[in-house]
Amino acid sequence: MRLVEFAHSSGLAAIQTLQRKEQKNFGQFMTPPDVARFMAQRCLPTECPEIIRILDPAAGAGILSAAVIECLLNQARLPRQIHVMLYELDGRLIPALRKLVKRMRQRAHNRGVTLKVSINNCDFLLSPIATARKPIVDIIIANPPYFKLSATDPRALAHAYAVYGQPNIYGLFMAVCASLLAPSGRWCFITPRSWTNGLYFSSVRRYLFCWLHIDAIHVFESRRDHFTDDQILQEAMITWATAQAQTNAEIVISSSEGSSDLDQARLLRLPFNRVIGQDEERMVSLPVDMPTIDLTRWHATLFTYGLKVSTGPVVAFRAKRHIHEIASADSVPLLWMQHIKHMLIKWPINKKSEHIDSNAETAWMLVPNTNLVVIRRFSPKEDDRRITAAPYLAGTLPGTMLGLENHTNYIYRPGGELSDEETKGLAAFLNSRVVDRYLRTVAGNTQVNATDLRKLPLPSLELLVAIGRAICPGTSLLAVDTIVDSTLRPQQPRHTVAAN
Ligand SMILES: C[S@@+](CC[C@H](N)C(=O)[O-])C[C@H]1O[C@@H](n2cnc3c(N)ncnc32)[C@H](O)[C@@H]1O
């Protein structure tokens, strides 16, 4: 039996004796053989050194090290020695690791390679190598445990540099390992996708990108297929990186439904700054599950439909004396960012100074009370959509004019008027998952500004109107997604992702 299959079957045998809860407590979800090989193939160094040092920090039954050893021994140019460091917290898996090591040693010996292995039955995160964080290995391959830790857990305290809010153990594994690589060492992790954009992972991302150059990412689109043995429900991804500063090189992003179609993975190559945000949050955009509706096929923009986007003209500190807590006969509503929700304008909310004088002095900073799409200029970081837009229909609020504070943008038709359907359709489209996914692929920054809106490809006006017709007051985001998707999808030619 090949090393990978051997590790897989002994791993399965070991965890079959465990209760589901025990398995969860240790984060014991094993990598299937084809995924292990897929990971290993791409994490070998371009030039094989004489002595190569491998770390498997959450070894389980050792399938990932087995896959790396298999790949190394299949190469034409072999190393003289392979050193493997295995860490596994659960003592029940140690006998399986010992058996595997025996086989590995034999295989290496048959190829004239000396294999040295240390099996460490301890918590990797508290081990001397993890706490020292010295660059001592050439390849790190890991499927770390996934679960939340309390901020006072000794592991979180030992790796506080990678903690923001409530840590997840897998983020700590990723971060520590990044600092253990010798220059040009290779790093490969299979993980959930949450680290790519969650606020709680911002310290992990910042730390990782200090040490690593991201080379490639693979995304499993199906929620369960890749871990069929364990029926893991988390969406997963594999990341390959090298210990060097990030260059301008493109990042290869592949995707497959699961493990059974890995050989038909779809490929995209994107400039690194489209994948890795350049602001402080360092969010990672994964475009692969996006283009069932491909916006890049559309060439219309706001300009095509005679629409304009402007920034709310009321700068509160300058207009201070005209802004009031209480309405008067001469005042009109003043909309702030806080009044704008997805598909809804909520005014008043009795929190802000929500009224502005409408007179000769303020006339230049007011807009006519007409159909508009109003957009927040800044979205809360935890919001899962980059755009928060609401349709505003003429006369919904009192007065002939409206105040729009400077943290808002608004879309209108100069010299004409947006129809009700256009207003609702455009707002729904902007809030939709389709647009959100598109923006994540083209904009590293989380905030969408007026220039981004001007450049956004739009479907035909008829389709926007059709979306608008289906939108009722108070439509939820879920309903918006369904309406936008079902209206736009039949118009799309069958999707193909550009292969390189
Ligand atoms: C997701 S499993 C992956 C196992 C194996 N590498 C694979 O790919 O199939 C994670 C493994 O890490 C072990 N583990 C959990 N916490 C650990 C820790 N703090 N240090 C070392 N190993 C740990 C678990 O017992 C489990 O075997």
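**Sheet architecture and helix packing in the predicted model**

In strand β8, valine 252 is the bridge partner of alanine 216. This pair belongs to the parallel association of strand β6 (residues 213-220) with strand β8 (residues 250-256), which are joined by five bridges. The structure described here is a predicted model.

Both strands belong to an open sheet of nine strands with mixed pairing, in the order β3-β2-β1-β4-β5-β7-β6-β8-β9. The edges are occupied by β3 (114-120) and β9 (266-271); each has a single partner strand, so one side of each lacks a neighbour in the sheet. From one strand to the next, the twist averages 15°. Helix α3 (residues 33-41) packs on this sheet through contacts with β4 (137-142), β5 (181-192), β6 and β7 (236-242). The direction of α3 makes about 20° with that of β7. Helix α8 (residues 169-178) also packs on the sheet, where it touches β1 (51-56), β4 and β5. Its direction makes about 170° with that of β5.

Helix α4 (residues 63-73) is mostly covered, with 11 of its 11 residues buried. The buried residues include Glu70 and Ser65, along with Ile63, Leu64, Val68, Ile69 and Cys71.

According to the domain assignment, the protein chain comprises domain 1 (3-289) and domain 2 (296-491). The centres of the two domains, taken over C-alpha atoms, are separated by 43 Å.

Strand β20 (residues 408-412) is likewise mostly covered, and five of its five residues are buried. Thr408, Tyr410 and Tyr412 point one way from the strand, whereas Asn409 and Ile411 point the other way. In a regular strand, side chains alternate between the two faces of the sheet. Strand β20 pairs with two strands described here. Strand β10 (residues 308-311) runs antiparallel to β20 and is joined to it by four bridges, with threonine 311 opposite asparagine 409. Strand β17 (residues 372-376) also pairs with β20 in the antiparallel sense, over four bridges. In that pairing, asparagine 409 of β20 is the bridge partner of isoleucine 375.

A helix-helix contact was also examined. The axes of helix α11 (residues 420-431) and helix α15 (residues 477-488) come within 9 Å and cross at roughly 100°; α11 is therefore roughly perpendicular to α15. The contact brings Ala428, Phe429 and Asn431 of α11 against Leu477, Val480, Val484 and Leu488 of α15. By class, six nonpolar residues, one polar residue and no charged residues make up this contact.

Terms used:
Residues are numbered from 1 along each chain as its sequence is written. This is a predicted model: local features need pLDDT of at least 70, side-chain atom pairs count only at pLDDT 80 or more; totals for chains, interfaces and linings use all residues. Side-chain values use heavy atoms; hydrogens and water are left out. Buried means under 20% relative accessible area, exposed over 50%, partly exposed in between (1.4 Å probe, protein chains only). Axes are lines fitted to C-alpha atoms, for helices over the stretch in contact, and angles run from 0 to 180 degrees between N-to-C directions. Angles under 35 degrees count as roughly parallel, over 145 as roughly antiparallel, 65 to 115 as roughly perpendicular and the rest as oblique. Contact means heavy atoms within 4.5 Å. Ala, Val, Leu, Ile, Met, Phe, Trp, Tyr, Cys and Pro count as nonpolar, Asp, Glu, Lys and Arg as charged, and the others, Gly among them, as polar. Domain bounds come from an automatic or database domain assignment. Two strands pair if DSSP finds at least two bridges between them.
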